[in-house]
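The exercises below guide a newcomer through one protein model. Each task is followed by a solution in steps.

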Amino acid sequence: MITDPIADYLTRVRNAIMAGHRVVKIPASKIKKEITKILFDQGYILSYKFEDNNIQGTIKIALKYNRETKASVIKKLQRVSTPGLRKYFGADELPRVLNGLGIAIVSTSKGVMTSKQARQQHVGGEVLCFVY
């Protein structure tokens with residue numbers, strides 16, 4: 001039993017990047033699928049595929065690396081809100097990551113989105129993680 005599935009997701013991606021893997025497989029859930037879609041839309045991963053089998057399903061993520069330096073596009077994945085300490089912010093208080101160069105992924109009443117999208121729609125919520 002995993003107590004924090006989002007932290008497990010981020011750790012698997014982080015470990016795959018440190019090991020230099022091209023693809024990482026992660027057990028699927030609705031919120032993990034939404035986070036994966038956001039990472040793809042923002043250009044942090046190359047591609048993704050949702051494989052649904054009879055029980056839970058998996059997410060296959062193709063990681064993105066710089067061609068010349070072989071460095072990962074994702075420099076840091078940082079969990080913000082944890083099950084032991086939830087961090088909620090209003091629409092006006094949402095954090096900016098690296099002065100706008102990174103993204104904060106927020107779980108709102110209108111779904112999972114980036115902090116920039118949440119500010120535009122004027123909704124607050126739980127800040128799940130920072131990516132840059």
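**Exercise 1. A salt bridge within a helix**

Task: Determine how D8 and R12 interact, and state where the two residues lie in the chain.

Solution. The model is a predicted one. Step one concerns the contact itself: D8 and R12 form a salt bridge through their side chains, with a distance of 3.0 Å from N to O. This lies within the 4 Å allowed between a side-chain nitrogen of Lys or Arg and a carboxyl oxygen of Asp or Glu. Step two concerns position: both belong to helix α1 (residues 5-19), and because they are 4 residues apart, about one helical turn separates them. Step three concerns exposure: D8 has 18% relative accessibility and so counts as buried, the limit being under 20%. R12, at 32% relative accessibility, counts as partly exposed.

**Exercise 2. Further salt bridges**

Task: State how many salt bridges the model contains, and describe the pairs K60 and E51 and E126 and R86.

Solution. The count comes to 6 salt bridges. Among them is the pair of K60 and E51, whose side chains meet at 3.6 Å, N to O. K60 is partly exposed at 30% relative accessible area, and E51 counts as partly exposed at 24% relative accessibility.

A further pair is E126 and R86, which form a salt bridge at 3.0 Å, N to O. This pair links distant parts of the chain, since E126 lies in strand β8 (residues 125-131) and R86 in the loop between β4 (77-79) and β5 (88-89), 40 residues apart. E126 is buried, with a relative accessible area of 10%, whereas R86 is partly exposed at 42% relative accessibility.

**Exercise 3. The hairpin of β2 and β3**

Task: In which sense do β2 and β3 pair, and over how many bridges?

Solution. Strand β2 (residues 45-51) pairs with strand β3 (residues 58-63) in the antiparallel sense, over 6 bridges. E51 stands opposite T58 of β3. The two strands form a hairpin with 6 residues between them, and in this hairpin G57 has a positive phi near 95 degrees.

**Exercise 4. Overall architecture**

Task: Give the order of the elements from the N terminus on, and assess whether the radius of gyration agrees with that of a compact globule.

Solution. The protein has 3 helices and 8 strands. From the N terminus on, these elements run α-β-α-β-β-β-β-β-β-α-β. For 132 residues, a compact globule would have a radius of gyration near 14 Å; the value for the protein is 15 Å, which agrees. Along the principal axes, the C-alpha atoms fill a box of roughly 40 × 40 × 25 Å. Among contacts with a separation of 6 or more, 61% join residues 24 or more positions apart. The exposed area is about 7,800 Å², of which carbon and sulfur atoms supply 51%.

**Exercise 5. The nonpolar cores**

Task: Which members of the largest nonpolar core touch the most other members, and which element gives the largest share?

Solution. Buried residues make up 40% of the 132 residues. As a general principle, nonpolar side chains in soluble globular proteins tend to be buried together. The largest nonpolar core has 26 residues, of which V13, I61, L63, I105 and V131 touch the most other members. Two or more residues come from each of α1, β1 (23-27), α2 (30-41), β3, β6 (103-108) and β8. The largest share, 6 residues, is that of α1. Beyond its neighbours up to four places away in sequence, I61 touches residues including Y9, V13, V24, I45 and Y48. Another core lies apart from the largest one; it has 10 residues, among them L94, M113, V123 and F130.

**Exercise 6. Strand β6 and its partners**

Task: State how β6 is joined to β8 and to β7, and decide whether T114 is buried or exposed.

Solution. β6 is mostly covered, with 5 of its 6 residues buried. It runs antiparallel to β8, with 6 bridges between them, and V106 has V127 of β8 as a bridge partner. β6 also runs antiparallel to β7, joined by 4 bridges; here S107 has V112 as its bridge partner. Two strands, β6 and β7, form a hairpin with 2 residues between them. T114, found in strand β7 (residues 111-114), is buried with a relative accessible area of 4%. Leaving aside neighbours within four places in sequence, T114 is in contact with I38, Q42, I103, A104 and V106.

Notes
Residues are numbered from 1 along each chain as its sequence is written. This is a predicted model: local features need pLDDT of at least 70, side-chain atom pairs count only at pLDDT 80 or more; totals for chains, interfaces and linings use all residues. Side-chain values use heavy atoms; hydrogens and water are left out. Two strands pair if DSSP finds at least two bridges between them. Buried means under 20% relative accessible area, exposed over 50%, partly exposed in between (1.4 Å probe, protein chains only). The radius of gyration is taken over C-alpha atoms; the globule rule is 2.2 Å times the number of residues to the power 0.38. Contact means heavy atoms within 4.5 Å. Accessible areas come from the Shrake-Rupley method with a 1.4 Å probe; for residues, only the protein chains shown count as cover. A nonpolar core is a set of buried Ala, Val, Leu, Ile, Met, Phe, Trp, Tyr and Cys residues joined through side-chain atoms within 4.5 Å.
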